[in-house]
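Hi there,

I'm passing along the structure I mentioned, so that you can open it next to this note. Have a look first, and then read on for what turned up in it.

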Amino acid sequence: MSKGIILYQSKYGATKKYADWLKEATGFDCIETKKADIQTVRNYDTILLGGGVYASGIAGLSFLRKHIATLKDKKIAVFCVGASPYDKTSFEAGYRHNFKDALEGITCFYCRGAWNEAAMSFSDRTLCKLLQKAVAKKNPADYEPWEQALVSAMGQSCDWTEKKYLEPLLNYIKE
Ligand SMILES: Cc1cc2nc3c(=O)[nH]c(=O)nc-3n(C[C@H](O)[C@H](O)[C@H](O)COP(=O)(O)O)c2cc1C
């Protein structure tokens, strides 16, 4: 396997858990995206960037957006970590939202994360409660997959992280 680096941004630990599993499986170096500098990252052949999904955005993806021209010849993959169960249509819509212009075509994988309202910051918990209230007013038959997950997770502590979600990414970097 070529020389690689894992960059991750994780607020509550789920993406970090995947980054640690990836490090274990690949032997790649691993660093928080916020601490990464492009002069170091450009020395690697493979770059794996992971981030939690927050209001449909991927944490830390701005690093790639900023430096994509420098990294254009590298093997790049993104793994995003969200609370929703995988759903092809939602994933594709999320992809179109995040991977515009120079990021178009970058390979992205989905790993299911965790949900722990007790651990959330006050502002995150307030935002989630507002969202949950809005969704709860809808007819459950019309829920989107992420809305279903949000309502089911209400007041709960859930951890859906599993190593199996990394298999497609591990196969991709072996190609
Ligand atoms: C304010 C807020 C917004 C969120 N928005 C989404 C979302 O749009 N889609 C999703 O699947 N999960 C969403 N989540 C859940 C997180 O993506 C999930 O908890 C994930 O495991 C976070 O990863 P991290 O702990 O590595 O940051 C949200 C969580 C919070 C607190």
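Let me start with a pair of helices, bearing in mind that this is a predicted model. Helix α5, which covers residues 122-136, packs against helix α6, residues 145-152, at an angle of about 115°. Their axes are 9 Å apart. Since 65 to 115 degrees counts as roughly perpendicular, α5 is therefore roughly perpendicular to α6. As for handedness, the crossing of α5 past α6 is left-handed.

Which residues make this contact? From α5 come L131, Q132, V135 and A136, and they meet E147, L150 and V151 in α6. Sorted by character, the residues of this contact comprise 5 nonpolar, 1 polar and 1 charged.

While you are looking at α6, find Q148, which is also in that helix. Q148 has 15 C-beta neighbours inside 10 Å, so it counts as partly exposed. A distant part of the sequence comes in here: P85 is 63 residues away from Q148 along the chain, yet their C-alpha atoms are 9.3 Å apart in space.

Now for the chain as a whole. It has 7 helices and 8 strands. How does its radius of gyration fit with a compact globule? For 175 residues, such a globule would have a radius of gyration near 16 Å, and the protein chain comes out at 17 Å, so the two agree. The C-alpha trace spans about 50 × 30 × 30 Å along its principal axes. Of the 175 residues, 27% count as buried. If you take the contacts between residues at least 6 apart in sequence, 78% of them join residues at least 24 apart.

The loop between β3 (46-54) and β4 (57-58) deserves a closer look, and A55 is found there. The phi angle of A55 is near 45°, a positive value in a residue other than glycine. Is A55 buried or exposed? It has 6 other C-beta atoms within 10 Å, and 12 or fewer counts as exposed, so A55 is exposed.

S56 is found in that loop between β3 and β4 too. S56 also has a positive phi, near 75°, and again this is a residue other than glycine. With 13 other C-beta atoms within 10 Å, S56 is partly exposed.

From S56 you can go straight to helix α4, residues 88-98, where A93 is found. The C-alpha atoms of A93 and S56 are separated by 9.4 Å, although the two residues are 37 apart along the chain. A93 has 13 C-beta neighbours inside 10 Å and so counts as partly exposed.

Two more places are worth a visit. One is G27, in the loop between α1 (14-26) and β2 (29-32). G27 has 11 other C-beta atoms within 10 Å, so it is exposed. If you want a distance to check, the C-alpha atoms of G27 and L61 are separated by 23 Å, with these positions 34 residues apart along the chain.

The other is K3, which sits in the segment before β1 (4-9). With 11 other C-beta atoms within 10 Å, K3 is exposed. What does K3 touch, if residues up to four places away in sequence are not counted? Its contacts are Y44 and D45. K129, by contrast, is 126 residues from K3 along the chain, and their C-alpha atoms are separated by 43 Å.

If you only have a few minutes, I would go to the α5 and α6 pair with its left-handed crossing, and then to A55, with its positive phi near 45°.

Happy browsing, and do write back with any questions.

Best wishes

How values were computed
Residues are numbered from 1 along each chain as its sequence is written. This is a predicted model: local features need pLDDT of at least 70, side-chain atom pairs count only at pLDDT 80 or more; totals for chains, interfaces and linings use all residues. Axes are lines fitted to C-alpha atoms, for helices over the stretch in contact, and angles run from 0 to 180 degrees between N-to-C directions. Helices (H or I, at least four residues) and strands (E, at least two) are DSSP runs, numbered from the N terminus. Angles under 35 degrees count as roughly parallel, over 145 as roughly antiparallel, 65 to 115 as roughly perpendicular and the rest as oblique. A crossing is left-handed if the near helix is turned anticlockwise from the far one by less than a right angle, and right-handed if clockwise. Two residues are in contact if their C-beta atoms, placed from the backbone, lie within 7 Å. Ala, Val, Leu, Ile, Met, Phe, Trp, Tyr, Cys and Pro count as nonpolar, Asp, Glu, Lys and Arg as charged, and the others, Gly among them, as polar. The radius of gyration is taken over C-alpha atoms; the globule rule is 2.2 Å times the number of residues to the power 0.38. A residue is buried if 20 or more other C-beta atoms lie within 10 Å of its own, exposed if 12 or fewer, and partly exposed in between; C-beta atoms are placed from the backbone.
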